[in-house]
Amino acid sequence: MRKVVTCLAVILFLARLGVFLYPWITEVISDIEADKAIAKFQMTAEEEDEFSKLYEAMQEYNQEIYKNRQSGLSDQLSYQTPSFDLTKWGLEDNVVGYITIPKMEVELPIYLGASEENMKHGAVHLSQTSLPIGGNNTNCVIAAHRGYRGAPFFREIQRLEEGDEVFITNLWETLVYEVEHTEVIMPDESDKIMIQEGRELVTLTTCHPYTENTYRYIVYAKRKSTNP
């Protein structure tokens, strides 16, 4: 009888320990996956001479959505399907770069298209917004969960204040942006994430308030400088 009681006590202890450690374990796994995706992207970027035509195609895409006033940015479904195909250049994993936010202590790969699958693994580029290569008349919108299965992602987004830096690394360079201001909007206010005439922006977005999906928390950041 004592052995049975002891076994039950051990099982109960291990179960409680598992519940306690689950968020930490899932965060570690998420960090490892993100680091692998970024490391693979960095190795790909070393072959940048092969991607000159890709850069031109991305520029053309940015110019086109600016000219047509982002006409495809009409509903949430338009965010989910990638509006640019990287597979033509052999980039099968759909990673277009990575974002580093020192104030939030996060570094995440950026996947094209805000599909549910992509958002499990890191940050995503909202389709029908500017691709993350900078340039006049651009606004690259990047979204992430407000935490996902223990991984923080954009959970600490409200820590960002005016002047904080956001780094976007693509295949060619690292773009530096500086936070201007924040705003809380409704999910369907697409006009709040549109390209602004004559400006070069990155906009971060996630659910708000934390653990709910009622609003969107928006961080606007303007281009500051470039680190080769």
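The following exchange discusses helix H2 and strands S5 and S6 of a predicted model.

Q: What sort of model is this?
A: The model is predicted: local features need pLDDT of at least 70, side-chain atom pairs count only at pLDDT 80 or more, and totals for chains, interfaces and linings use all residues. Residues are numbered from 1 along each chain as its sequence is written, and side-chain values use heavy atoms, with hydrogens and water left out.

Q: Is strand S5 enclosed or not, and why?
A: S5 (residues 165-169) is largely enclosed by the rest of the structure, because four of its five residues are buried. Buried means under 20% relative accessible area, and exposed over 50%, with a 1.4 Å probe and protein chains only. Strands (E, at least two residues) and helices (H or I, at least four) are DSSP runs, numbered from the N terminus.

Q: In which sense do S5 and S6 pair?
A: They pair in the antiparallel sense over five bridges, where pairing requires that DSSP finds at least two bridges between the strands. A hairpin of four residues joins S5 to S6, and phenylalanine 167 stands opposite valine 176 in S6.

Q: Turning to H2, which of its residues are buried?
A: Leu54, Ala57, Met58, Tyr61, Asn62 and Ile65 are buried. They cover an arc of only 140° around the axis, which puts them on the same side of H2; the arc is that of the directions from the helix axis to the C-beta atoms.

Q: And which residues are exposed on the other side?
A: Lys53, Glu60 and Lys67 are exposed there.
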